[in-house]
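Visitor: I am new to this structure and would like a close look at a single part, the surroundings of the ligand. Please take me through that part slowly and explain the terms as you go.

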Amino acid sequence: MNSESMLQVKKISAHYGAVKALSQVSLEVSQGEIVCIIGANGAGKTTLLNVISGLHRASRGEVILKGGALPPGRAAKAVARGVVQCPEGRQVFAPLSVMDNLLLGAFLRMKKEKARVEKDLKQILEIFPILEKRKTQLAGTLSGGEQQMLALGRALMSRPKVLLLDEPSLGLAPLFVKEIFRIIASLPEQKTSVLLVEQNAHAALKTATRGYVMVNGRITQSGDTTMLLHDKQVAEAFLGAKCNKHANQEKNHEPGSLNQTGARHP
Ligand SMILES: Nc1ncnc2c1ncn2[C@@H]1O[C@H](COP(=O)(O)OP(=O)(O)OP(=O)(O)O)[C@@H](O)[C@H]1O
């Protein structure tokens with residue numbers, strides 16, 4: 001990693017009763033970096049985001065933001081420190097207008113930074129023209145793609161240091177998917193660090209600079225996304241036939257150097 005570390009996850013284990021969902025998971029995100037986690041259904045990706053955002057308490061390990069530990073299981077504290085999660089399934093406030101949903105994203109900043117919040121609102125409406133068009137419409141009446149834009153816009157209204165994105169492209173039409181990833185790719189310009197969880201592994205690996213592969217609650221591979229995109233195991237497991245073909249063309253590439261130091265994770 002070549003710049004300042006923003007988020008560090010250190011040896012996190014997490015359980016649901018007797019079920020172990022995460023085992024010794026460690027990862028790092030630098031300032032203004034986009035990092036993705038890819039993995040099959042049930043691999044533990046959402047659980048990891050929930051641990052980072054304080055929604056689920058880990059049984060072991062710690063989450064460090066800019067050098068200081070986040071108190072485990074304290075979601076409000078995590079938000080106040082700048083860690084904001086955009087959950088799977090959008091979860092916008094259906095009976096409120098688009099505008100009110102966006103303003104709720106800036107709830108903690110409203111008293112002290114009113115002028116700044118208004119400026120940010122203007123900027124968000126520029127980034128998401130669809131929300132500008134529908135700003136008085138009730139959020140529950142928006143299409144799925146529009147709700148996803150709103151959820152992302154609302155998260156950005158809090159000016160997060162670290163944005164945790166859980167399946168932002170889930171169930172969206174291709175045009176919306178393209179637009180969502182275009183916006184995500186632009187976030188480092190605002191110095192926002194992004195940890196992106198996606199089933200659409202190809203789009204995630206194209207958008208992020210580094211990636212982690214999660215299998216059964218463990219990180220099994222990590223490294224530069226260009227490398228992961230060309231890794232045979234990743235291609236076979238997550239990228240489908242089209243990319244398999246691409247990966248097979250690179251038969252001589254031995255995927256042995258997948259983390260930053262060139263070693264595969266155990
Ligand atoms: N509330 C819960 N109670 C019990 N087990 C849970 C709970 N939530 C998740 N799990 C289990 O923990 C494991 C990890 O689930 P998690 O939702 O983190 O996976 P995921 O990688 O995000 O999956 P998906 O891509 O399908 O959303 C799974 O085996 C799941 O069944």
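Guide: The largest share of the shell around the ligand comes from H1, which gives three residues; helices such as this one (H or I, at least four residues) and strands (E, at least two) are DSSP runs, numbered from the N terminus. The model is a predicted one, in which local features need pLDDT of at least 70 and side-chain atom pairs count only at pLDDT 80 or more, while totals for chains, interfaces and linings use all residues. Residues are numbered from 1 along each chain as its sequence is written.

Around the ligand stand Tyr 16, Val 19, Ala 21, Gly 39, Asn 41, Gly 42, Ala 43, Gly 44, Lys 45, Thr 46 and Thr 47, where a residue is near a molecule if its C-beta atom, placed from the backbone, lies within 6 Å of it. Strand S2 (19-30) and H1 are the elements that give two or more residues to this shell. By kind, the residues of the shell divide into four nonpolar, six polar and one charged, with Ala, Val, Leu, Ile, Met, Phe, Trp, Tyr, Cys and Pro counted as nonpolar, Asp, Glu, Lys and Arg as charged, and the others, Gly among them, as polar.

Let us stay with the helix. Eight of the eight residues of helix H1 (residues 45-52) are buried, so H1 is largely enclosed by the rest of the structure; a residue is buried if 20 or more other C-beta atoms lie within 10 Å of its own, exposed if 12 or fewer, and partly exposed in between, with C-beta atoms placed from the backbone. The buried residues of H1 are Lys 45, Thr 46, Thr 47, Leu 48, Leu 49, Asn 50, Val 51 and Ile 52, and among them Lys 45, Thr 46 and Thr 47 also belong to the surroundings of the ligand. After H1 comes Gly 54, with a positive phi near 85°.

The strand that shares in the shell leads on to a sheet. Four strands form this open sheet, in the order S2-S1-S4-S5 and with antiparallel pairing, where two strands pair if DSSP finds at least two bridges between them. S2 and strand S5 (68-69) each have a single partner strand and stand at the edges, so one side of each is left without a neighbour in the sheet. H1 packs on the sheet, where it touches S1, S2 and strand S4 (60-65), and its direction makes about 115° with that of S1; two residues are in contact if their C-beta atoms, placed from the backbone, lie within 7 Å, and axes are lines fitted to C-alpha atoms, for helices over the stretch in contact, with angles that run from 0 to 180 degrees between N-to-C directions.

Within the sheet, strand S1 (residues 5-16) and S2 run antiparallel and are joined by eight bridges, and Leu 7 stands opposite Val 29 in S2. In a regular strand the side chains alternate between the two faces of the sheet.

One residue of this sheet deserves a pause. Lys 11 lies in strand S1 and has a positive phi of about 45°, although it is not a glycine. Most residues other than glycine have a negative phi. Lys 11 counts as partly exposed because it has 13 C-beta neighbours inside 10 Å, whereas the residues of H1, which packs on this sheet, are buried.
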